[in-house]
Amino acid sequence: MWTVVYIAPNRKQAEKLQQALLREGLLVKLRNIGLPSGNDNGSVEVLVPESELDEALEIINTI
């Protein structure tokens with residue numbers, strides 16, 4: 001099950017965080033909040049598998 005670990009204010013921030021998590025070997029999905037997927041200005045949820053939640057939060061807290 002995928003779990004939200006962070007809500008980024010825009011797609012650029014979300015992609016930056018996604019890359020940091022991917023470098024550490026975690027699976028990551030991005031999901032736009034309330035806007036069509038083509039819009040880069042809305043908030044974006046960063047999701048990881050529930051089993052990787054603690055590791056993802058540790059990585060996020062060091063960024």
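Let's start with one residue: Glu15 has a relative accessibility of 35%, so it counts as partly exposed. Keep in mind throughout that what you're looking at is a predicted model.

**A salt bridge inside one helix**

What does Glu15 do with its side chain? It meets the side chain of Arg11 in a salt bridge, with 3.8 Å from N to O. Both residues sit in helix 1, which covers residues 11-23. Arg11 and Glu15 are four residues apart, and that is about one turn of the helix. And Arg11 itself, buried or exposed? Its relative accessibility is 17%, so Arg11 counts as buried; the cut-off for buried is under 20%.

**A salt bridge between two strands**

How many salt bridges does the structure hold? There are two. In the other pair, the side chains of Glu45 and Arg31 come together at 2.6 Å, again from N to O. This pair ties together distant parts of the chain, since Glu45 belongs to strand 3 and Arg31 to strand 2, with their positions 14 residues apart in the count. Glu45 is buried, having a relative accessible area of 15%. Arg31, on the other hand, is partly exposed at 42%.

Here are the four salt-bridge residues side by side:

| Residue | Relative accessible area | Class |
|---|---|---|
| Arg11 | 17% | buried |
| Glu15 | 35% | partly exposed |
| Glu45 | 15% | buried |
| Arg31 | 42% | partly exposed |

Stay with Arg31 for a moment. Its C-alpha atom and that of Ser43 are separated by 8.8 Å, although the two residues are twelve apart along the chain. Now try another pair: Ala20 and Pro9 are eleven residues apart in sequence, and their C-alpha atoms lie 17 Å apart in space. Ala20 is in helix 1, and it is buried, with a relative accessible area of 10%.

**The whole chain**

Time to zoom out. The chain is built with two helices and three strands. If you read along the sequence, you meet them in the pattern β-α-β-β-α. The radius of gyration is 11 Å, close to the 11 Å that the globule rule gives for 63 residues, so the chain is as compact as a globular protein of that length. Measured out along the principal axes, the C-alpha atoms fill a box of roughly 30 × 25 × 15 Å. How much of the chain is buried? Buried residues account for 37% of the 63 residues.

**Two patches on the surface**

Now have a look at the outside. Which residues form the negative surface patch? They are Glu24, Asp54, Glu55 and Glu58. You can find Asp54 in helix 2, which runs over residues 53-62. Asp54 is exposed, with a relative accessible area of 58%; the cut-off for exposed is over 50%.

There is also a nonpolar patch on the surface, formed by Val4, Ile7 and Ile33. Together, these three have about 220 Å² of accessible area. Where is Ile33 placed? Look in the loop between strand 2 (29-32) and strand 3 (44-49). Ile33 is partly exposed, with a relative accessible area of 34%.

Notes: Residues are numbered from 1 along each chain as its sequence is written. This is a predicted model: local features need pLDDT of at least 70, side-chain atom pairs count only at pLDDT 80 or more; totals for chains, interfaces and linings use all residues. Side-chain values use heavy atoms; hydrogens and water are left out. Patches are made of residues with over 30% relative accessible area and no salt bridge: like charges are joined within 9 Å, nonpolar side chains (Val, Leu, Ile, Met, Phe, Trp, Tyr) within 5 Å. Accessible areas come from the Shrake-Rupley method with a 1.4 Å probe; for residues, only the protein chains shown count as cover. A salt bridge is a side-chain nitrogen of Lys or Arg within 4 Å of a carboxyl oxygen of Asp or Glu. Lys and Arg count as positive and Asp and Glu as negative; His and the chain ends are not counted. The place of a charge is taken as NZ of Lys, CZ of Arg, CG of Asp or CD of Glu. Buried means under 20% relative accessible area, exposed over 50%, partly exposed in between (1.4 Å probe, protein chains only). The radius of gyration is taken over C-alpha atoms; the globule rule is 2.2 Å times the number of residues to the power 0.38.
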